[in-house]
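Hi,

Here is the structure I promised to pass on to you. Please have a look, and below it you will find my notes on its aromatic rings.

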Amino acid sequence: MTEKTTGASYAAAGVDIEAGDRAVELMKEWVKKTQRPEVLGGLGGFAGLFDASALKRYERPLLASATDGVGTKVDIARQMGVYDTIGHDLVAMVMDDIVVCGAEPLFMTDYICVGKVHPERVAAIVKGIAEGCVLAGCALVGGETAEHPGLLGPDDFDVAGAGTGVVEYDNLLGADRIRTGDAVIAMAASGLHSNGYSLVRHVLFDRAGMSLDQHVEEFGRTLGEELLEPTKIYSLDCLALTRTAEVHAFSHITGGGLAANLARVIPDHLHATVDRSTWTPGAVFDLVGKAGQVEQLELEKTLNMGVGMMAVVPQESVDVALTALADRGVDAWVAGRITERGEHTEGAALTGSYAS
């Protein structure tokens with residue numbers, strides 16, 4: 001007799017449609033918490049809808065957009081089995097880029113790619129994204145969860161997102177506003193944020209042989225808890241600052257480090273000098289440097305060194321700006337100034353030694 005064979009199916013190939021549907025149901029309550037009055041419809045449509053008539057109050061509205069992920073930090077979350085914080089990182093990476101030009105975050109979409117859909121895990125990731133959107137003042141209008149068996153392991157995942165904001169043309173911030181004598185204000189980071197984790201993981205795990213559950217006295221918690229600390233979201237703080245004080249530019253300190261990111265908003269004829277002695281980087285930066293014998297300049301071009309956002313303001317606005325940030329619970333200080341650029345100087349540079 002000929003043995004009867006079973007026809008191929010999507011489920012047999014490793015894709016669980018029912019698990020995907022359950023994940024959507026679990027995440028709905030979190031998405032609802034991000035809703036703004038301009039959002040139409042609910043989760044489950046083919047496209048998210050945002051009522052653009054809200055932009056009529058602008059004379060010349062400019063839409064700002066950004067997209068990003070959180071890199072290899074997702075592997076820390078996977079190993080720790082903690083999925084509800086990585087979304088904060090995603091929102092920060094996208095929306096804090098958008099606010100740099102002075103734009104108000106409006107809405108965001110996400111993309112979650114998994115090896116196997118575990119509904120509760122996917123819902124936890126979306127929970128974190130939704131909570132981040134609330135902190136950024138934007139709506140989560142939709143997203144996609146894709147199951148990729150055979151390409152990713154059953155516990156592997158990655159996240160990405162895209163966002164849109166709006167700014168009045170006359171209020172657009174950037175290099176053309178910066179003047180000689182302006183002050184550079186630094187805003188403290190919550191930790192490593194979401195950049196440089198390939199270096200961090202190589203140094204701490206491969207070279208130093210540390211483990212995620214290892215208690216680190218300097219942190220007062222485990223290494224894993226320190227590495228998974230969510231990226232601070234500055235969007236609403238920056239917008240509040242623009243309403244309180246004159247701001248010429250912001251710089252989001254992400255991949256490439258402090259000097260390189262600040263240089264992106266400095267005009268060709270000017271130079272930003274940042275004084276290291278005005279702050280002390282957190283213990284995690286010292287640990288990475290010592291454990292991997294990483295040179296200071298290499299650390300500085302890879303990690304944020306304790307500064308997550310910078311604002312360039314005129315000198316007469318410094319006191320008002322610092323007070324406004326302090327009132328919002330943001331640790332901030334004057335870290336540098338703007339001068340004319342010399343013949344052989346770059347857009348921004350760090351000087352001095354870090355405070356001990």
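Phe 50 has a relative accessibility of 17%, under the 20% limit, so it counts as buried. Phe 107, at 22%, is partly exposed. Please keep in mind that this is a predicted model.

Now to how the rings meet. There are 4 aromatic pairs in the structure. One of them joins Phe 50 and Phe 107, whose ring centres are 5.0 Å apart with 40° between the planes, a tilted arrangement. This pair connects distant parts of the chain: Phe 50 belongs to strand β2 (residues 49-50) and Phe 107 to strand β4 (residues 104-114), 57 residues apart.

Trp 279 and Trp 333 make another pair; their planes are at 40° and their centres 6.0 Å apart, so this pair is tilted. Here, too, distant parts of the chain are linked. Trp 279 is in the loop between β11 (270-275) and α9 (283-291), while Trp 333 is in strand β13 (residues 332-340), with the two positions 54 residues apart in the numbering. Both Trp 279 and Trp 333 are buried. Together with Tyr 354, they form one aromatic cluster.

Which charged residue sits over the ring of Tyr 354? That is Arg 276, with its charged end 5.9 Å from the ring centre. A second place to look at is Tyr 234, where Lys 232 lies over the face of the ring, 5.6 Å from its centre.

Enjoy exploring it!

Best wishes

Definitions and conventions. Residues are numbered from 1 along each chain as its sequence is written. This is a predicted model: local features need pLDDT of at least 70, side-chain atom pairs count only at pLDDT 80 or more; totals for chains, interfaces and linings use all residues. Side-chain values use heavy atoms; hydrogens and water are left out. Rings of Phe, Tyr and Trp (its six-membered ring) pair if their centres lie within 6.5 Å; planes under 30 degrees apart count as stacked, over 60 as edge-to-face and the rest as tilted. Helices (H or I, at least four residues) and strands (E, at least two) are DSSP runs, numbered from the N terminus. Buried means under 20% relative accessible area, exposed over 50%, partly exposed in between (1.4 Å probe, protein chains only). A charge sits over a ring if NZ of Lys or CZ of Arg is within 6 Å of the ring centre and within 35 degrees of the ring normal.
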